[in-house]
Amino acid sequence: MKIDVPINFRDGKYYVPIDTPSTCPHCGRTVAPQHVGQSSSSENSAIGERGRFSVIFRCAYEDCQKYFVIEYINNGYELASTINYFYRPKIKVNLPENIEKISPDFVKIYTQSAIAEKELLDQIAGVGYRKAAEFLIKDYAISKKPADEEKIKSIMLGQVISTYLNDFPKILVLAKSVAWIGNDETHYIRRHDGKDIEDLKRFILATARLISADYDADEALLFTSSSD
């Protein structure tokens, strides 16, 4: 629906044509929202200037009636353009800087899992963390035994841990803990009631830090060997 909205620009008050939203961003239903108010603009309204302003709406459904704001850009005498907003602050995940060199998919999956957890999708976030851990551990094993890449990809995570991490006892015990708790996030019955998703994340990050340190140690060894 098109309406004219009175906006106080720097050079005076003008009626700007806008197209009102047809969907409530809160309840998701099709609606002709109530026009509640509007902001002023610090720009002039002259043709050619694209002054920004906002309009306040309210959902017309009685069981919703929530407010929301749409930002517009003035286009002179033409219909104002809308600016899409996405209220989703960027999630910053603190992972070791070089872990992406070992397992870029781990970084992607772990970050997506953190976003799911932030969105209160707790029933799927744990599954995502478990998947991220499998990529991290398998990619690390492949980096150590590249000749066994296809085998490592195809066998169960527990087999990878017991077969390829014996030379790294602290990583092995962390990876085993991650697998146990992670499996609880994917199965109907939990076997380890004393541990939860916070423990899972803690052990995954500890595993990633040790793997990262081992990567740095290998790089330092290569450097010192070449300098002899």
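Here is a walk through this predicted model, from its strands to its helices and the charged pairs between side chains.

Let's start at the N terminus. Strand E1 covers residues 2-9 and strand E2 covers residues 12-19; the two run antiparallel and are joined by eight bridges. Just two residues sit between E1 and E2, and together the strands make a hairpin. If you want a landmark on this hairpin, find Val5, which stands opposite Val16 in E2. As a general point, side chains in a regular strand alternate between the two faces of the sheet.

Next, have a look at the surface. Val36, Ile56, Tyr67 and Val69 come together there as a nonpolar patch, and their combined accessible area is about 330 Å². One of these residues, Ile56, belongs to strand E4. Ile56 counts as partly exposed because its relative accessibility is 32%.

Now for the loop that follows E4. Gln65 is in the stretch between strand E4 (52-58) and strand E5 (67-75). Its backbone is worth a glance: the phi of Gln65 is near 50°, which is a positive value in a residue other than glycine. With a relative accessible area of 32%, Gln65 is partly exposed.

What does Asp63 meet in a salt bridge? Its partner is Arg29, with 2.7 Å from N to O. Asp63 sits in the loop between E4 and E5, while Arg29 sits in the loop between E2 and strand E3 (34-38), so this pair ties together parts that are 34 residues apart in sequence. Asp63 is exposed, at a relative accessible area of 62%, whereas Arg29 is partly exposed at 30%.

Moving on to the helices, there's another backbone spot to check. Leu120 is in the loop between helix H2 (104-118) and helix H3 (122-144). Leu120 isn't a glycine, yet it has a positive phi of about 65°. The side of the story you can see from outside is simple: Leu120 is exposed, with a relative accessible area of 69%.

Inside the helices, it helps to recall that an α-helix has 3.6 residues a turn, so residues three or four places apart point the same way. Helix H3 gives us a case: Arg130 and Glu134 are four residues apart, and so are separated by about one helical turn. Their side chains meet in a salt bridge of 2.8 Å, N to O. Arg130 is buried, with a relative accessible area of 12%, while Glu134 is partly exposed at 22%.

Helix H4 (residues 149-154) has a pair too, with Lys153 and Glu150 three residues apart and about one helical turn between them. The closest N and O atoms of this salt bridge are 4.0 Å apart. Lys153 is partly exposed at 47%, and Glu150 counts as exposed at 56%. Elsewhere, Glu117, Glu198 and Lys201 are joined into one network by salt bridges that share partners. The count of salt bridges comes to twelve.

Finally, turn to helix H6 (residues 169-186). Its 18 residues should span 26 Å at 1.5 Å a residue, and the end C-alpha atoms are 26 Å apart, so the two agree. Which residues of H6 are buried? Among them are Ile171, Leu172, Leu174, Val178 and Ile181, and the buried residues also include Asp184 and Glu185.

How values were computed
Residues are numbered from 1 along each chain as its sequence is written. This is a predicted model: local features need pLDDT of at least 70, side-chain atom pairs count only at pLDDT 80 or more; totals for chains, interfaces and linings use all residues. Side-chain values use heavy atoms; hydrogens and water are left out. Buried means under 20% relative accessible area, exposed over 50%, partly exposed in between (1.4 Å probe, protein chains only). Two strands pair if DSSP finds at least two bridges between them. The expected span of a helix is 1.5 Å times one less than its number of residues. Patches are made of residues with over 30% relative accessible area and no salt bridge: like charges are joined within 9 Å, nonpolar side chains (Val, Leu, Ile, Met, Phe, Trp, Tyr) within 5 Å. Accessible areas come from the Shrake-Rupley method with a 1.4 Å probe; for residues, only the protein chains shown count as cover.
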